[in-house]
Amino acid sequence: MRPLHGWIIGLCLAALVALSTGCQSHIGGQTLPSGYYLQDDVQYFAPGSRNPLANESVKLQAK
């Protein structure tokens, strides 16, 4: 019965470590979110120009 207790304690410790580390991972160059992504700060990216070629169109109109 002694070896069985060791296995049970080992499995419990492994489960404790797995549950306490979160689940953020890096797969294929992507960082996937952890379980706490809903509590993260909101990132804001200012809207850019509607015309992606704004500089080119300005130069063409100046000619």
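This passage describes the fold, confidence and surface of a predicted protein model.

The protein chain contains two helices and two strands, and these elements follow one another along the sequence in the order α-β-β-α. Across the chain, pLDDT averages 78, and 86% of the residues reach at least 70. Confidence is not spread evenly over the elements: helix α2 (residues 54-62) has the highest mean, at 85, while strand β1 (residues 25-27) has the lowest, at 69. Where pLDDT is low, it is wise not to read the predicted coordinates in detail.

Turning to the surface, the accessible area of the protein chain amounts to about 6,500 Å², and carbon and sulfur atoms account for 63% of that total. Of the 63 residues in the chain, 2% are buried.

One surface feature deserves a closer look. Ile-9, Leu-13 and Leu-16 together form a nonpolar patch of about 320 Å². Leu-16 belongs to helix α1, which covers residues 2-20. With a relative accessible area of 56%, Leu-16 counts as exposed, because the cut-off for that class is over 50%.

Key: Residues numbered from 1 in each chain as written. Predicted model: local features only at pLDDT ≥ 70, side-chain atom pairs only at ≥ 80, totals over all residues. Heavy atoms only, no water. pLDDT = per-residue confidence, 0-100. Helix = DSSP H or I, 4+ residues; strand = E, 2+ residues; numbered from the N terminus. Patch = residues over 30% accessible without salt bridge, like charges linked within 9 Å, V, L, I, M, F, W, Y side chains within 5 Å. Areas by Shrake-Rupley, 256 points an atom, 1.4 Å probe, with all protein chains shown as cover. Salt bridge = Lys/Arg side-chain N within 4 Å of Asp/Glu carboxyl O. Buried < 20%, exposed > 50% of the residue type's maximum accessible area, 1.4 Å probe, protein only.
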